[in-house]
Amino acid sequence: MASSLPLHHPSHCLISNPQLQGFNYGGSPRPRFSFTTRDTEKGIRIQPIKAKAATEASPFSLLQSPQAEDSPSELEPADPDFYKIGFVRSMRAYGIEFKEGPDGFGVYASKDVEPLRRARVIMEIPLELMLTISQKLPWMFFPDIVPVGHPIFDIINSTDPETGWDLRLACLLLYAFDREDNFWQLYGDFLPSADECPSLLLASEEELSELQDPNLASTMREQQRRALEFWEKNWHSGVPLKIKRLAHDSERFIWALSMAQSRCIGMQVRIGALVQDANMLIPYADMLNHSFQPNCFLHWRFKDRMLEVMINAGQRIKKGDEMTINYMSGQQNDMLMQRYGFSSSVNPWDVIQFSGNARIHLDSFLSVFNISGFPQEYYHNTGRLSNGGDTFVDGAVIAAARTLPTWSDGDVPPIPSMERRAIKELQEECQQMLAAFPTNSKEDQEILDSMPDASRTLEAAIKYRLHRKLFIEKVMQSLDLYQERILF
């Protein structure tokens, strides 16, 4: 359930050792279709941008609208209005460009960036453009757009203080859409529509069954029921028109809830002398896709109430590279699906629950794959000499090192016969797990290839079960390679 998910997105989510390289992770989709249609030019007068101080402090020149011919065929530059509505309100971006592809928006480097000893800014988003609400009572809004006595505050105040963070944020988002001259009336045009959002809150019963995960499907049904009951309670026929028009039907409210869950950033912010933990919807920064190896992080600049997106110190960026952050550090695929509607076959935090007694020698397994560090900080040591296995190691192998049952007893070496027996038992248990699925990974891939026009929620569900099977298969391959290198 959403209430069980961590409410905090780490402000600097980077796997602790910089030597981890070569993993290719999928990002969270940012679909391109708008939920409403507005004239973004109406009432906007573009003035020359004065950002001398910002440009002097940054090695990047102020971002200009990208040229279409510089983009790969599958990526198109964002609509110029996407830049304009933010630029006239003091949003700034340096050395990056927003592009739209088959999976929606992403942020890409527009020039090479050599590694520096200090992090550097690529985006500045002022507080005035955000929607924020404190994580704890009393509810505080920055900026405070809810007038005294408005009934939307009563609805927000009725939510559970511990678990209703997403409901509160969804109400605030709907109110911003209805507030005259609010920035989100324009920015909402660039959010994904209900049809293009992969959140499982919007999935049908048939699509939930395609997950091939009864526990996750049950959790999402409960979340859908929770959202519907909240809407029915607060959007009944007797509510004032100013509330009723925010969400005429349950589908609109559930869409807003999916936006709140998938785009919320939890940060500690300082405003004057007040330090506040807040749940925030931050425009432009919410277009950054996910990676388990992010090259950027978020930082709150309290002196002028700005959210900074910064490139990691020492990070080398090439022109065209995607700029990414880590949405949820240390979470399995089922948690990523609940919150964001995506998964990965190379999630270094995924887990297999083994039920047998077989165990392999931990130090030997780590040595074979050049894995170093403590269990919560494992990384692939690519600097070591190896016998050609580096290309095999990815996030799934890191996850295998964490999830496989292991033993270690000082300097006691493994006994080959016992190690072979343990490997065989573990592989047999993996085979049983794969056999329990109605389909195999090859069939899942064929289904995806045969359904290019499938809904985003159905596509996400099939990818989730495919990624689970690919992970189990990778663990089995890792055990084969381990046996080959250590025992023969």
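User: Before we start, what makes a residue count as buried, and what share of the protein is buried?

Analyst: Buried means under 20% relative accessible area, exposed means over 50%, and partly exposed is in between, using a 1.4 Å probe and protein chains only. By that cut-off, buried residues make up 56% of the 488 residues in the protein. This is a predicted model, in which local features need pLDDT of at least 70 and side-chain atom pairs count only at pLDDT 80 or more, while totals for chains, interfaces and linings use all residues. Residues are numbered from 1 along each chain as its sequence is written, and side-chain values use heavy atoms, with hydrogens and water left out.

User: Thanks! Why is Asp181 called buried, exposed or partly exposed?

Analyst: Asp181 has a relative accessible area of 65%, so it is exposed. Its phi is near 65°, a positive value in a residue other than glycine, and Asp181 lies in the loop between α4 and α5 (183–187).

User: What makes Arg305 exposed, partly exposed or buried?

Analyst: The relative accessible area of Arg305 is 37%, so the residue is partly exposed. Arg305 also has a positive phi, about 60°, although it is not a glycine. Its place is the loop between β10 (296–301) and β11 (306–311).

User: Now the helices. How do you know whether α4 and α9 are roughly parallel or roughly perpendicular?

Analyst: Helices here are DSSP runs (H or I, at least four residues), numbered from the N terminus. Angles under 35 degrees count as roughly parallel, over 145 as roughly antiparallel, 65 to 115 as roughly perpendicular and the rest as oblique. The axes of α4 (residues 165–178) and α9 cross at roughly 115° and come within 8 Å. The two helices are therefore roughly perpendicular to each other.

User: Which classes of residue make up the contact of α4 with α9?

Analyst: Contact means heavy atoms within 4.5 Å. Ala, Val, Leu, Ile, Met, Phe, Trp, Tyr, Cys and Pro count as nonpolar, Asp, Glu, Lys and Arg as charged, and the others, Gly among them, as polar. The contact of α4 with α9 divides into 14 nonpolar, one polar and two charged residues.

User: And why is α7 called oblique to α9?

Analyst: Helix α7 (residues 214–234) and helix α9 (residues 250–263) pack at an angle of about 125°, with their axes 10 Å apart. That angle makes α7 oblique to α9. By class, their contact has seven nonpolar, three polar and one charged residues.

Notes. Axes are lines fitted to C-alpha atoms, for helices over the stretch in contact, and angles run from 0 to 180 degrees between N-to-C directions.
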